[in-house]
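Please open the structure in your viewer and keep the selection panel at hand. The tour proceeds from the whole chain to single residues.

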Amino acid sequence: MGDTMIAIPKHKKTVAAIGKFDGFHLGHTKLIRTAVQTAKESDSLSLIFFIGAPSESIMTRDECDSRAKELGVDVVFHQPLSEDFRSMSAEEFVCSVLRDKLKCRTVVVGYDFRFAKGRSADAHELERLCAFWGINCIIIDEVALKDSDGVSHTVSSSYIRYLVQSGRVDEASRYLGRAFSVSGRVVTGRHIGTAMGIPTANLKPEENIVLPPDGVYATHTIIDGKKYLSITNIGTNPTVGDNNGVTIETNILDFSGDVYDENITLEFAERIRGEMKFDSLDALTRQIKNDIEYVRNKYSKTEQRF
């Protein structure tokens with residue numbers, strides 16, 4: 001278990017928040033804030049122990065680390081799902097990892113936390129074992145919100161991924177407690193937008209990041225910490241028909257700088273429409289200009305934010 005070595009000062013104990021934390025949604029935030037506050041009250045270090053990662057994440061590893069620091073976490077560690085780690089018994093996890101390596105005074109987990117070989121132990125088993133070994137255990141209850149139809153849903157990464165993949169980015173943002181976003185590097189595009197008088201930045205996101213479906217979105221683009229209103233197309237550009245796969249192209253309004261090879265972030269406000277095939281580039285240009293006007297009217301004049 002060499003991958004799990006963490007340098008904790010000898011005179012310090014920790015309060016560890018444990019989980020996947022792949023989205024930092026409202027439930028995750030409640031759990032982590034509890035850990036940070038408990039650590040302050042007990043003169044301990046607050047620690048996030050990330051366990052593995054899903055096949056499709058809502059945030060990149062760097063974004064997770066940055067968000068953790070924003071929430072006041074002292075120590076961040078990512079635990080790979082190695083065979084040794086996956087085969088641990090529940091008691092070995094508590095003794096070897098929580099007590100010996102993390103030096104836990106307190107551990108904080110969600111109500112649905114599972115661990116040990118075959119995910120055989122739950123949060124209440126963790127609580128029982130922690131009590132035996134002199135570790136406090138705090139279990140955070142379910143956090144739920146009502147959707148736009150008034151139906152209550154548990155705040156979870158899986159539900160948020162479902163909302164994003166359904167194009168319901170505005171609702172996903174509510175469950176995240178912040179705007180759903182995608183970050184990446186700006187790469188060379190085909191300059192079709194430039195030729196149409198609507199230049200775009202072509203974003204290459206990290207692999208395994210969940211993306212909304214093909215369509216046109218009202219977005220904000222963050223460049224060097226500054227936010228610009230923008231409109232983003234995700235899709236294959238069927239009107240052009242060059243079959244180059246899915247692209248993310250963003251027209252950044254009222255911005256004329258060069259962002260090639262820069263890292264930028266797109267915050268998604270809403271899905272305006274699905275991707276469409278037009279009879280000509282002129283027809284496509286007219287529709288894009290209509291989309292831009294819609295975004296300006298809704299998100300500039302009313303100062304609506306997300």
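The stops below begin with the overall model, continue with the cysteines and end at one strand and its partners.

**The whole protein**

Begin with everything displayed as a cartoon, bearing in mind that this is a predicted model. Nine helices and 15 strands make up the secondary structure of the protein. Orient the view along the principal axes: the C-alpha atoms occupy a box of roughly 70 × 40 × 35 Å.

Next, switch to a surface representation. The exposed area of the protein is about 15,100 Å², of which carbon and sulfur atoms contribute 46%. Of the 306 residues, 49% are buried. Among contacts with a separation of 6 or more, 70% involve residues 24 or more positions apart.

Now colour the charged side chains. The protein carries 38 positive and 43 negative charges, and the mean positions of these two sets lie 3 Å apart.

**The cysteines**

Select the cysteine residues and display their sulfur atoms. How many disulfides does the structure hold? There are zero. Centre first on C64, which takes part in no disulfide; the nearest cysteine sulfur belongs to C104 and is 20 Å away. C64 is also buried, its relative accessible area being 5%.

Move then to C95. Its closest cysteine sulfur is that of C130, at 9.5 Å, which is too far for a bond, given that a disulfide requires the two sulfur atoms to be within 2.5 Å. C95 is likewise a buried residue, with a relative accessible area of 10%.

**Strand 15 and its partners**

Select residues 263–273, which form strand 15. Why is this strand described as largely enclosed by the rest of the structure? Eight of its eleven residues are buried, so the surrounding structure largely encloses strand 15.

Add residues 181–187, strand 10, to the selection. Strand 10 pairs with strand 15 in the antiparallel sense, over five bridges. To find one specific point of this pairing, pick S181, whose bridge partner in strand 15 is E267.

Then add residues 215–223, strand 12. Strand 12 also runs antiparallel to strand 15, and seven bridges join the two. Here H220 is the residue that stands opposite E267 in strand 15.

Finally, centre the view on E267 with both partner strands displayed. E267 is the bridge partner of S181 and stands opposite H220. When side chains are switched on for this last view, one general point is useful: in a regular strand they alternate between the two faces of the sheet.

Methods
Residues are numbered from 1 along each chain as its sequence is written. This is a predicted model: local features need pLDDT of at least 70, side-chain atom pairs count only at pLDDT 80 or more; totals for chains, interfaces and linings use all residues. Side-chain values use heavy atoms; hydrogens and water are left out. Helices (H or I, at least four residues) and strands (E, at least two) are DSSP runs, numbered from the N terminus. Buried means under 20% relative accessible area, exposed over 50%, partly exposed in between (1.4 Å probe, protein chains only). Contact means heavy atoms within 4.5 Å. Accessible areas come from the Shrake-Rupley method with a 1.4 Å probe; for residues, only the protein chains shown count as cover. Lys and Arg count as positive and Asp and Glu as negative; His and the chain ends are not counted. The place of a charge is taken as NZ of Lys, CZ of Arg, CG of Asp or CD of Glu. Two strands pair if DSSP finds at least two bridges between them.
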